[in-house]
Each structure stands twice: as C-alpha cells, then as structure tokens.
Amino acid sequence: MLIRQAAAGDWPRIWPFWHRIVSAGETYTWDPDTTEEAARALWMSPAKRVFVAEDDTGTIVGSAYVTPNYGGPASDIANAAFMVDPDHAGRGVGRALAEHILTAAKAEGYRAMVFNAVVETNPAVRLWTSLGFTVLGTVPEAYEHPRFGRVGLHVMYKAL
Ligand SMILES: CC(C)(COP(=O)(O)OP(=O)(O)OC[C@H]1O[C@@H](n2cnc3c(N)ncnc32)[C@H](O)[C@@H]1OP(=O)(O)O)[C@@H](O)C(=O)NCCC(=O)NCCS
C-alpha cells in the first residue's frame, strides 16, 4: 500500500466512498445529503493536507486530511479526518493512514491532535485509543444515530 499526498484529480475516486460513509449518517457530523460539490470543497480544501492510500492495484482505498483545529495562537493544534472505503475496511488501511498522518502532523510542527466529534459507538474509538488518544469529554446524546438512537460525541486528544 502507498500513502501519498492527494492531487485534485483524485477526488472522483474518493467521492464514492465519501458519499457512502457520510450518507450512512453513523460516523460524521456532516449532512448525510451533502452534495458532491460541497463535499469536494470540504475535503479537498486548500487549508487541508489531504492524503490517499492506494492498494497494490492503484485503487484508492482511503483518504485522510490534517488541518489546524483552531486559529491564531492555537493553530499548532491539528485536526484530522479519516475515511476508508467500506469495501476495503478491516485490513489495516485506517491504522496505516492514521500513523502516517500523526507522523506528518508532528513533522509539520503540530503539538497535538484533537478530534472534535467522535461518535461514541464508532469502532474507530478503539483505533484512536490504541494510538494514544484519550477521551477528554463526551457531549451526551448529541448525535442521532440511525440504529442506536441518541449517542454521545467524544472529544479526543493526543499530544504529538
Ligand atoms: C475508522 C476507519 C477509518 C478504520 O479504517 P479500517 O481500515 O477499517 O481500520 P483498520 O483495518 O486499520 O483497523 C484498525 C483498528 O480499528 C478497529 N476497527 C476498525 N473498524 C472496526 C470495526 N468495524 N469493527 C471493529 N473494530 C474495528 C480495530 O480495533 C482495528 O484494530 P487492529 O488494528 O488492532 O486490528 C474506517 O472504518 C472508516 O472509514 N469508517 C467510516 C468513517 C469513520 O468512522 N471515520 C472516523 C471518524 S472518527
């Protein structure tokens, strides 16, 4: 697997799994009906450093970005987001992307990483915890999950 910086031309190969993940409404606080144009502006924004993971056949199987979580005097605290194509999940792509992003963020001078809204039922919580993130707090019953009803949103943190 190759993890490389994304190019604008990668978007059409990110969008299908981006759409599948966000429209499921189980993991992100973005509108499940987000249009492709709005999604591209959000994910491929020049403010973000976007990466893609390619498998041995050149298929894009995941994408992630790192960006400042705050502005001004707190701009060295990073935020990141991750998506792995559900057809390629559970094979280590998410962990590899996360390790890559953590290394890149530290090399860029970020001092810590914060996830603002991790749905508490998301199996990804285990991945983040195994990478050293801790739950700073949970906004109770903040997220209307299609299967589990109202669930909390964790704020997660890791020093780099
Ligand atoms: C979260 C996500 C990026 C993980 O990617 P992945 O390639 O499936 O994850 P990996 O195969 O690298 O698994 C890493 C760890 O995550 C955990 N995990 C991930 N998905 C899981 C699932 N569906 N069920 C149980 N555990 C899971 C496992 O603990 C696994 O541990 P291991 O490395 O010790 O085996 C991916 O499932 C995804 O894109 N989900 C939808 C979007 C999302 O939730 N993004 C994160 C928002 S906070």
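Biologist: Which residues are buried in helix 1?
Modeller: This is a predicted model. Helix 1 covers residues 11-24. A residue needs 20 or more other C-beta atoms within 10 Å of its own to count as buried. In helix 1, those that are buried are Ile14, Phe17, Trp18, Ile21 and Val22.

Biologist: Why do residues three or four places apart point the same way in an α-helix?
Modeller: Think about how the helix turns. Residues three or four places apart point the same way because an α-helix makes each turn with 3.6 residues.

Biologist: Which elements do the buried residues of helix 1 pack against?
Modeller: Among the buried residues of helix 1 are Phe17 and Trp18. The partners are one helix and three strands by name. The buried residues pack against helix 2 (36-43), strand 2 (49-54), strand 3 and strand 4.

Biologist: What distance does helix 1 reach from its first C-alpha to its last?
Modeller: Helix 1 has 14 residues. At 1.5 Å a residue, 20 Å is expected. The reach in the model is close to that, at 20 Å.

Biologist: Is Ile14 buried or exposed?
Modeller: Ile14 sits in helix 1. The cut-off for burial is 20 or more other C-beta atoms within 10 Å. Ile14 has 21 such neighbours inside 10 Å, so it counts as buried.

Biologist: Which residues does Ile14 touch, not counting those up to four places away in sequence?
Modeller: Start with the fold around Ile14. Its C-alpha lies 7.4 Å from that of Gly62, though 48 residues separate the two in sequence. Leaving out residues up to four places away, Ile14 touches Trp43, Val52, Ile60 and Ser63.

Biologist: Which residue just after helix 1 takes a positive phi?
Modeller: Helix 1 is made of residues 11-24. Just after it, a positive phi of about 65° is taken by Gly25.

Biologist: Which element gives the most to the largest nonpolar core?
Modeller: The largest nonpolar core has 29 residues, and Ala80, Leu97 and Ile101 have the most contacts inside it. Helix 1, strand 2, strand 3, strand 4 and helix 3 each give two or more residues to this core. The top contribution is six residues, from helix 3.

Biologist: Which residues is Ile101 in contact with, leaving aside neighbours within four places in sequence?
Modeller: Ile101 is one of the residues with the most contacts inside the largest nonpolar core. With the neighbours within four places set aside, Ile101 is in contact with Phe51, Ala64, Val66 and Ala80.

Biologist: How many residues does the other core have?
Modeller: This other core lies apart from the largest one. Among its members are Val118, Trp128, Leu153 and Met156. The number of residues in it is eight.

Biologist: What pattern does the protein follow along the sequence?
Modeller: The protein has four helices and seven strands. Write α for a helix and β for a strand. Read along the sequence, the pattern is β-α-α-β-β-β-α-β-α-β-β.

Biologist: What is the radius of gyration of the protein?
Modeller: For 160 residues, the globule rule gives 15 Å. The protein is close to that value, so it is as compact as a globular protein of that length. Its radius of gyration is 15 Å.

Biologist: Which residues surrounding the ligand are the closest?
Modeller: The ligand is surrounded by 19 residues. They divide into 11 nonpolar, five polar and three charged. The closest are Thr27, Ala89, Gly94, Arg95 and Pro123.

Biologist: Which elements give two or more residues to the shell around the ligand?
Modeller: Both helices and strands take part. Those giving two or more residues to the shell are strand 4 (77-84), helix 3 (93-107), strand 5 (112-119) and helix 4 (124-130).

Biologist: Which residues does Asp76 touch, not counting those up to four places away in sequence?
Modeller: Asp76 lies in the loop between strand 3 (60-68) and strand 4. It counts as partly exposed, with 15 C-beta neighbours inside 10 Å. Its C-alpha is 7.4 Å from that of Ala112, 36 residues away along the chain. Setting aside residues up to four places away, Asp76 touches Gly109, Tyr110 and Arg111.

Biologist: Which residue has a positive phi although it is not a glycine?
Modeller: Most residues other than glycine have a negative phi. The residue in question is found in strand 6 (residues 134-145). Its phi is about 50°, and its name is Glu141.

Methods. Residues are numbered from 1 along each chain as its sequence is written. This is a predicted model: local features need pLDDT of at least 70, side-chain atom pairs count only at pLDDT 80 or more; totals for chains, interfaces and linings use all residues. A residue is near a molecule or strand if its C-beta atom, placed from the backbone, lies within 6 Å of it. Ala, Val, Leu, Ile, Met, Phe, Trp, Tyr, Cys and Pro count as nonpolar, Asp, Glu, Lys and Arg as charged, and the others, Gly among them, as polar. A residue is buried if 20 or more other C-beta atoms lie within 10 Å of its own, exposed if 12 or fewer, and partly exposed in between; C-beta atoms are placed from the backbone. Two residues are in contact if their C-beta atoms, placed from the backbone, lie within 7 Å. The radius of gyration is taken over C-alpha atoms; the globule rule is 2.2 Å times the number of residues to the power 0.38. The expected span of a helix is 1.5 Å times one less than its number of residues. A nonpolar core is a set of buried Ala, Val, Leu, Ile, Met, Phe, Trp, Tyr and Cys residues joined through C-beta atoms within 7 Å.
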